[in-house]
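Subject: Structure for your review

Dear colleague,

Please find below the structure that I agreed to pass on to you. My notes on what was found in it follow directly after.

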Amino acid sequence: MAVIPGDGTGPEVIREGIKVLEAAGRRFNIKFNWTFFDWGGERYLKTGETIPEGGIEELKKHDAIYLGAIGHPEVKPGILEKEILLRIRFELDQYINLRPVKLYPGVWTPIKDKGPEDIDFVVIRENTEGLYAGGGGFLRKGTPYEVAIQESINTRYGVERCIRFAFEYCRKRNKKKKVTLVGKTNVLTYAFDLWYRVFQEVGQEYPDIEKDYAHVDATCMWFVKNPEWFDVIVTDNMFGDIITDLGAMIQGGMGIAAGGNINPNGVSMFEPIGGSAPKYTGKNVINPLAAICAGMMMLEHLGEEEAAKAIENAVIKVCRDHLKSMAAGQMGYSTTEVGDLVAKYTEEGVEL
(Lines give C-alpha, C1' and ligand atoms only; values in the text may rest on other atoms or scores of the structure.)
Protein backbone atom coordinates (compact mmCIF):
# COMPACT_ATOMS: atom_id res chain seq x y z
CA MET A 1 0.00 0.00 0.00
CA ALA A 2 1.27 3.45 -0.94
CA VAL A 3 0.52 6.06 1.73
CA ILE A 4 0.56 9.82 1.12
CA PRO A 5 -0.30 11.37 4.53
CA GLY A 6 -0.06 14.84 2.97
CA ASP A 7 -0.77 18.15 4.67
CA GLY A 8 -2.45 19.55 7.77
CA THR A 9 -4.48 16.94 9.62
CA GLY A 10 -3.83 14.36 6.88
CA PRO A 11 -1.10 12.51 8.81
CA GLU A 12 -3.29 12.42 11.95
CA VAL A 13 -6.30 10.82 10.26
CA ILE A 14 -4.20 8.45 8.16
CA ARG A 15 -2.51 7.21 11.35
CA GLU A 16 -5.93 6.25 12.74
CA GLY A 17 -6.98 4.71 9.44
CA ILE A 18 -3.90 2.49 9.40
CA LYS A 19 -4.57 1.56 13.03
CA VAL A 20 -8.05 0.32 12.04
CA LEU A 21 -6.82 -1.47 8.91
CA GLU A 22 -4.19 -3.29 10.95
CA ALA A 23 -6.91 -4.34 13.41
CA ALA A 24 -8.93 -5.73 10.50
CA GLY A 25 -5.77 -7.42 9.26
CA ARG A 26 -5.27 -9.21 12.58
CA ARG A 27 -8.83 -10.49 12.57
CA PHE A 28 -9.01 -11.53 8.91
CA ASN A 29 -5.36 -12.54 8.38
CA ILE A 30 -4.46 -9.69 6.01
CA LYS A 31 -0.83 -8.50 5.93
CA PHE A 32 -0.19 -4.88 4.90
CA ASN A 33 3.08 -3.48 3.63
CA TRP A 34 3.03 0.31 3.89
CA THR A 35 5.24 2.61 1.79
CA PHE A 36 5.12 6.28 2.84
CA PHE A 37 5.56 9.21 0.44
CA ASP A 38 6.22 12.70 1.86
CA TRP A 39 4.50 14.54 -1.00
CA GLY A 40 2.73 17.74 0.02
CA GLY A 41 3.14 21.32 1.14
CA GLU A 42 6.13 20.90 3.49
CA ARG A 43 8.21 19.14 0.85
CA TYR A 44 7.24 21.70 -1.76
CA LEU A 45 8.22 24.62 0.49
CA LYS A 46 11.62 23.04 1.19
CA THR A 47 12.50 21.75 -2.27
CA GLY A 48 10.11 23.33 -4.78
CA GLU A 49 9.17 19.79 -5.77
CA THR A 50 5.70 18.23 -5.71
CA ILE A 51 6.13 14.70 -7.10
CA PRO A 52 9.77 13.71 -7.65
CA GLU A 53 10.96 12.22 -10.89
CA GLY A 54 9.81 8.61 -11.16
CA GLY A 55 7.21 9.09 -8.42
CA ILE A 56 4.22 8.07 -10.52
CA GLU A 57 6.03 4.92 -11.64
CA GLU A 58 6.63 4.07 -7.97
CA LEU A 59 2.89 4.37 -7.27
CA LYS A 60 2.15 1.89 -10.06
CA LYS A 61 3.99 -0.82 -8.11
CA HIS A 62 1.38 -0.75 -5.33
CA ASP A 63 -2.05 -2.35 -4.92
CA ALA A 64 -3.68 0.94 -3.89
CA ILE A 65 -2.95 4.45 -2.61
CA TYR A 66 -4.12 5.82 0.75
CA LEU A 67 -4.18 9.63 0.78
CA GLY A 68 -4.60 11.91 3.80
CA ALA A 69 -5.05 15.42 2.41
CA ILE A 70 -3.44 17.90 0.05
CA GLY A 71 -3.46 21.66 0.74
CA HIS A 72 -1.08 23.94 2.65
CA PRO A 73 -1.87 27.49 3.84
CA GLU A 74 1.57 28.76 2.75
CA VAL A 75 1.28 27.38 -0.78
CA LYS A 76 -0.81 29.19 -3.39
CA PRO A 77 -4.09 27.30 -3.99
CA GLY A 78 -3.99 25.13 -7.09
CA ILE A 79 -0.29 24.24 -7.13
CA LEU A 80 -0.39 21.17 -4.88
CA GLU A 81 -3.87 20.16 -6.00
CA LYS A 82 -2.95 20.28 -9.68
CA GLU A 83 0.57 18.88 -9.41
CA ILE A 84 -0.21 16.08 -6.96
CA LEU A 85 -3.92 15.23 -6.83
CA LEU A 86 -4.91 15.85 -10.44
CA ARG A 87 -1.64 14.48 -11.77
CA ILE A 88 -2.11 11.19 -9.93
CA ARG A 89 -5.73 10.94 -11.09
CA PHE A 90 -4.84 11.68 -14.71
CA GLU A 91 -1.58 9.73 -15.05
CA LEU A 92 -2.96 6.64 -13.30
CA ASP A 93 -6.17 7.04 -15.33
CA GLN A 94 -8.37 7.00 -12.23
CA TYR A 95 -11.38 7.85 -14.35
CA ILE A 96 -14.03 7.17 -11.70
CA ASN A 97 -14.56 9.22 -8.56
CA LEU A 98 -16.68 7.08 -6.28
CA ARG A 99 -18.56 8.85 -3.50
CA PRO A 100 -20.94 6.93 -1.26
CA VAL A 101 -23.44 9.19 0.50
CA LYS A 102 -24.71 7.14 3.43
CA LEU A 103 -26.17 8.36 6.71
CA TYR A 104 -25.23 6.08 9.59
CA PRO A 105 -27.50 5.55 12.62
CA GLY A 106 -26.85 8.09 15.34
CA VAL A 107 -25.30 10.65 12.96
CA TRP A 108 -27.06 14.00 12.83
CA THR A 109 -28.25 15.24 9.44
CA PRO A 110 -29.41 18.81 8.81
CA ILE A 111 -32.38 17.46 6.85
CA LYS A 112 -35.49 17.33 8.99
CA ASP A 113 -37.43 14.06 9.18
CA LYS A 114 -34.89 12.05 7.15
CA GLY A 115 -32.95 9.09 8.48
CA PRO A 116 -30.52 6.35 7.40
CA GLU A 117 -33.29 4.64 5.41
CA ASP A 118 -33.61 7.79 3.25
CA ILE A 119 -29.98 8.79 2.67
CA ASP A 120 -28.10 5.94 1.01
CA PHE A 121 -26.89 6.56 -2.53
CA VAL A 122 -23.66 6.72 -4.54
CA VAL A 123 -22.34 9.45 -6.83
CA ILE A 124 -20.13 8.29 -9.70
CA ARG A 125 -18.23 11.27 -11.08
CA GLU A 126 -16.16 11.21 -14.27
CA ASN A 127 -12.69 12.03 -12.96
CA THR A 128 -10.31 12.79 -15.85
CA GLU A 129 -12.13 15.02 -18.34
CA GLY A 130 -14.56 17.95 -18.34
CA LEU A 131 -13.47 21.33 -17.01
CA TYR A 132 -10.63 19.68 -15.08
CA ALA A 133 -8.79 18.66 -18.24
CA GLY A 134 -7.27 22.15 -18.31
CA GLY A 135 -8.42 23.25 -21.75
CA GLY A 136 -8.52 27.01 -22.27
CA GLY A 137 -6.39 30.10 -22.09
CA PHE A 138 -6.18 33.89 -21.86
CA LEU A 139 -6.38 36.58 -24.50
CA ARG A 140 -5.12 40.11 -23.72
CA LYS A 141 -4.46 39.07 -20.11
CA GLY A 142 -4.15 41.94 -17.64
CA THR A 143 -5.87 44.46 -19.88
CA PRO A 144 -9.41 45.86 -19.69
CA TYR A 145 -10.22 43.65 -22.70
CA GLU A 146 -9.09 40.39 -21.14
CA VAL A 147 -10.75 37.16 -22.26
CA ALA A 148 -10.55 33.97 -20.15
CA ILE A 149 -11.68 30.71 -21.74
CA GLN A 150 -12.22 27.47 -19.85
CA GLU A 151 -13.21 24.47 -21.96
CA SER A 152 -15.09 21.35 -20.94
CA ILE A 153 -13.53 18.35 -22.69
CA ASN A 154 -15.86 15.36 -23.11
CA THR A 155 -14.93 12.33 -25.22
CA ARG A 156 -17.21 9.51 -26.25
CA TYR A 157 -14.64 7.08 -24.83
CA GLY A 158 -14.45 8.84 -21.46
CA VAL A 159 -18.20 9.34 -21.11
CA GLU A 160 -19.08 5.79 -22.12
CA ARG A 161 -16.69 4.05 -19.74
CA CYS A 162 -17.96 6.19 -16.85
CA ILE A 163 -21.61 5.49 -17.63
CA ARG A 164 -20.96 1.79 -18.10
CA PHE A 165 -19.19 1.67 -14.72
CA ALA A 166 -22.27 3.30 -13.15
CA PHE A 167 -24.64 0.67 -14.55
CA GLU A 168 -22.35 -2.19 -13.51
CA TYR A 169 -21.96 -0.69 -10.03
CA CYS A 170 -25.73 -0.29 -9.71
CA ARG A 171 -26.28 -3.92 -10.66
CA LYS A 172 -23.69 -5.08 -8.11
CA ARG A 173 -25.09 -2.76 -5.42
CA ASN A 174 -28.53 -4.33 -6.02
CA LYS A 175 -30.65 -1.88 -4.02
CA LYS A 176 -33.14 0.35 -5.86
CA LYS A 177 -31.55 -0.58 -9.21
CA LYS A 178 -31.83 2.94 -10.59
CA VAL A 179 -29.21 5.08 -12.34
CA THR A 180 -29.78 8.84 -12.59
CA LEU A 181 -27.79 10.90 -15.09
CA VAL A 182 -27.23 14.39 -13.67
CA GLY A 183 -26.46 17.15 -16.15
CA LYS A 184 -27.70 20.32 -17.79
CA THR A 185 -29.00 19.31 -21.20
CA ASN A 186 -31.00 22.52 -21.65
CA VAL A 187 -27.90 24.77 -21.52
CA LEU A 188 -24.84 22.59 -22.15
CA THR A 189 -26.27 21.43 -25.45
CA TYR A 190 -23.05 19.87 -26.76
CA ALA A 191 -21.44 18.18 -23.74
CA PHE A 192 -24.63 16.86 -22.24
CA ASP A 193 -26.13 15.95 -25.57
CA LEU A 194 -23.24 13.49 -25.77
CA TRP A 195 -23.74 12.35 -22.17
CA TYR A 196 -27.49 11.87 -22.65
CA ARG A 197 -27.15 9.95 -25.93
CA VAL A 198 -24.52 7.60 -24.50
CA PHE A 199 -26.61 7.14 -21.34
CA GLN A 200 -29.61 6.05 -23.43
CA GLU A 201 -27.55 3.74 -25.64
CA VAL A 202 -25.63 2.02 -22.84
CA GLY A 203 -28.78 1.87 -20.72
CA GLN A 204 -30.43 -0.41 -23.27
CA GLU A 205 -27.93 -3.10 -22.29
CA TYR A 206 -29.27 -2.99 -18.72
CA PRO A 207 -33.04 -3.61 -18.96
CA ASP A 208 -33.15 -4.57 -15.26
CA ILE A 209 -32.09 -1.06 -14.19
CA GLU A 210 -34.34 2.01 -14.17
CA LYS A 211 -32.96 5.00 -16.10
CA ASP A 212 -33.59 8.58 -14.95
CA TYR A 213 -32.32 12.07 -15.76
CA ALA A 214 -32.19 15.22 -13.61
CA HIS A 215 -30.75 18.70 -14.11
CA VAL A 216 -27.94 19.45 -11.66
CA ASP A 217 -29.79 22.37 -10.04
CA ALA A 218 -32.88 20.23 -9.49
CA THR A 219 -30.66 17.48 -8.07
CA CYS A 220 -29.39 19.89 -5.42
CA MET A 221 -32.98 20.58 -4.40
CA TRP A 222 -33.89 16.89 -4.28
CA PHE A 223 -30.81 15.96 -2.24
CA VAL A 224 -32.39 18.11 0.46
CA LYS A 225 -36.08 17.41 -0.15
CA ASN A 226 -36.15 13.78 -1.35
CA PRO A 227 -32.76 12.08 -0.99
CA GLU A 228 -34.56 8.74 -0.94
CA TRP A 229 -35.19 9.07 -4.69
CA PHE A 230 -31.56 8.31 -5.52
CA ASP A 231 -29.61 5.07 -5.83
CA VAL A 232 -26.68 5.57 -8.23
CA ILE A 233 -25.95 8.96 -9.80
CA VAL A 234 -23.57 9.43 -12.75
CA THR A 235 -22.33 12.86 -13.80
CA ASP A 236 -19.42 14.86 -15.16
CA ASN A 237 -16.36 16.10 -13.32
CA MET A 238 -17.50 19.58 -12.26
CA PHE A 239 -21.10 18.73 -11.36
CA GLY A 240 -19.86 15.69 -9.45
CA ASP A 241 -17.42 17.83 -7.50
CA ILE A 242 -20.22 20.19 -6.44
CA ILE A 243 -23.01 17.77 -5.57
CA THR A 244 -20.77 15.43 -3.57
CA ASP A 245 -20.01 18.23 -1.08
CA LEU A 246 -23.75 18.70 -0.63
CA GLY A 247 -23.97 14.93 -0.27
CA ALA A 248 -21.32 15.04 2.46
CA MET A 249 -23.35 17.56 4.43
CA ILE A 250 -26.55 15.51 4.35
CA GLN A 251 -24.67 12.38 5.47
CA GLY A 252 -23.36 14.19 8.54
CA GLY A 253 -20.50 16.39 7.34
CA MET A 254 -16.94 16.17 6.08
CA GLY A 255 -15.91 14.19 9.14
CA ILE A 256 -17.61 11.06 7.79
CA ALA A 257 -17.31 11.53 3.99
CA ALA A 258 -14.88 9.30 2.09
CA GLY A 259 -14.18 8.76 -1.58
CA GLY A 260 -12.23 6.72 -4.08
CA ASN A 261 -10.44 7.60 -7.30
CA ILE A 262 -10.85 4.38 -9.24
CA ASN A 263 -9.06 2.78 -12.15
CA PRO A 264 -10.89 -0.57 -12.38
CA ASN A 265 -7.88 -2.10 -14.14
CA GLY A 266 -5.06 -0.24 -12.41
CA VAL A 267 -4.05 1.48 -9.17
CA SER A 268 -6.81 3.31 -7.30
CA MET A 269 -6.56 5.97 -4.58
CA PHE A 270 -8.76 6.44 -1.50
CA GLU A 271 -9.11 9.55 0.63
CA PRO A 272 -11.25 11.47 3.13
CA ILE A 273 -13.13 14.30 1.42
CA GLY A 274 -12.67 17.06 3.96
CA GLY A 275 -9.25 18.42 3.01
CA SER A 276 -6.26 19.28 5.17
CA ALA A 277 -8.10 21.43 7.79
CA PRO A 278 -4.91 23.29 8.82
CA LYS A 279 -6.53 25.12 11.75
CA TYR A 280 -6.95 21.79 13.55
CA THR A 281 -3.46 20.45 12.81
CA GLY A 282 -1.73 18.83 15.75
CA LYS A 283 -4.61 19.36 18.18
CA ASN A 284 -5.84 15.73 18.19
CA VAL A 285 -9.44 16.92 17.67
CA ILE A 286 -10.10 16.16 13.98
CA ASN A 287 -12.63 13.44 13.14
CA PRO A 288 -10.76 10.46 11.61
CA LEU A 289 -13.88 8.56 10.51
CA ALA A 290 -13.72 9.80 6.91
CA ALA A 291 -10.16 8.47 6.58
CA ILE A 292 -11.20 5.24 8.30
CA CYS A 293 -14.11 4.88 5.86
CA ALA A 294 -11.71 5.56 2.96
CA GLY A 295 -9.63 2.65 4.23
CA MET A 296 -12.79 0.55 4.37
CA MET A 297 -13.52 1.43 0.72
CA MET A 298 -9.94 0.51 -0.17
CA LEU A 299 -10.32 -2.94 1.41
CA GLU A 300 -13.62 -3.51 -0.38
CA HIS A 301 -12.06 -2.49 -3.70
CA LEU A 302 -9.22 -4.98 -3.12
CA GLY A 303 -11.73 -7.80 -2.59
CA GLU A 304 -11.55 -7.97 1.21
CA GLU A 305 -15.29 -7.43 1.60
CA GLU A 306 -15.69 -9.22 4.93
CA ALA A 307 -12.99 -7.09 6.54
CA ALA A 308 -14.47 -3.93 5.02
CA LYS A 309 -17.90 -4.82 6.46
CA ALA A 310 -16.35 -5.33 9.90
CA ILE A 311 -14.89 -1.81 9.77
CA GLU A 312 -18.22 -0.36 8.65
CA ASN A 313 -20.04 -2.10 11.52
CA ALA A 314 -17.46 -0.72 13.95
CA VAL A 315 -17.92 2.79 12.55
CA ILE A 316 -21.71 2.48 12.89
CA LYS A 317 -21.36 1.38 16.52
CA VAL A 318 -19.01 4.25 17.37
CA CYS A 319 -21.31 6.79 15.68
CA ARG A 320 -24.42 5.39 17.32
CA ASP A 321 -23.15 4.67 20.82
CA HIS A 322 -20.23 7.02 21.47
CA LEU A 323 -19.78 10.23 19.49
CA LYS A 324 -21.65 13.40 20.45
CA SER A 325 -20.98 15.05 17.08
CA MET A 326 -19.11 14.54 13.81
CA ALA A 327 -17.54 18.01 14.10
CA ALA A 328 -13.88 18.53 14.99
CA GLY A 329 -13.45 19.24 18.69
CA GLN A 330 -17.05 18.31 19.47
CA MET A 331 -16.93 14.52 19.25
CA GLY A 332 -16.52 13.96 22.98
CA TYR A 333 -13.36 12.00 22.15
CA SER A 334 -9.95 12.84 20.71
CA THR A 335 -8.82 11.78 17.23
CA THR A 336 -6.75 8.93 18.65
CA GLU A 337 -9.54 7.78 20.98
CA VAL A 338 -11.98 7.51 18.06
CA GLY A 339 -9.40 5.46 16.16
CA ASP A 340 -8.89 3.23 19.19
CA LEU A 341 -12.63 2.60 19.52
CA VAL A 342 -13.11 1.71 15.85
CA ALA A 343 -10.02 -0.53 15.90
CA LYS A 344 -11.27 -2.31 19.04
CA TYR A 345 -14.71 -3.00 17.60
CA THR A 346 -13.26 -4.00 14.24
CA GLU A 347 -11.01 -6.59 15.83
CA GLU A 348 -13.58 -7.89 18.30
CA GLY A 349 -16.54 -7.80 15.92
CA VAL A 350 -19.89 -6.23 16.76
CA GLU A 351 -23.53 -7.21 16.36
CA LEU A 352 -25.70 -4.30 15.24
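A word on annotations before the notes begin: UniProt positions are given here in the numbering used for this chain, feature names are shortened, and an annotation may be inferred rather than shown by experiment. With that in mind, the unreviewed UniProt entry carries the annotation "domain: Isopropylmalate dehydrogenase-like" for residues 2-342. Please note also that the model is a predicted one. In residues 2-342, helix makes up 40% and strand 21%, and the C-alpha atoms at the two ends of the span lie 22 Å apart.

The two domains

The chain is divided into two parts: domain 1 comprises residues 1-95 together with 267-351, while domain 2 comprises residues 109-251. Between their centres, taken over C-alpha atoms, the separation is 25 Å.

The interface

How many residues of each domain are in contact with the other? Domain 1 contributes eight residues and domain 2 contributes nine. Together the domains bury about 860 Å² between them, and 51% of that area is on carbon and sulfur atoms. Of the area that domain 1 buries against domain 2, Arg89, Phe90 and Tyr95 supply 65%, more than any other three residues.

Polar and charged pairs also cross this interface. Three residue pairs are in polar contact there, both partners having pLDDT 80 or more. Helix 4 (residues 79-91) provides three residues, the largest share of the side of domain 1 that touches domain 2. Sorted by class, that side has four nonpolar residues, one polar residue and three charged residues.

Salt bridges

Side chains of opposite charge can pair when their charged atoms come close. Two salt bridges are counted between domain 1 and domain 2. In one salt bridge of the model, the side chains of aspartate 93 and arginine 161 meet at 2.7 Å, N to O.

The overall count is 31 salt bridges. Among them is the pair of glutamate 160 and arginine 164, with the closest N and O atoms 3.1 Å apart. Both residues lie in helix 5 (residues 156-173), where they are four residues apart, about one turn of the helix.

Yours sincerely

Key:
Residues numbered from 1 in each chain as written. Predicted model: local features only at pLDDT ≥ 70, side-chain atom pairs only at ≥ 80, totals over all residues. Heavy atoms only, no water. Domains from an automatic or database assignment. Contact = heavy atoms within 4.5 Å. Buried area = accessible area lost by both parts, 1.4 Å probe. Salt bridge = Lys/Arg side-chain N within 4 Å of Asp/Glu carboxyl O. Polar contact = N/O pair within 3.5 Å; in protein donor to acceptor, adjacent residues only side chain to side chain. Nonpolar A, V, L, I, M, F, W, Y, C, P; charged D, E, K, R; others polar.
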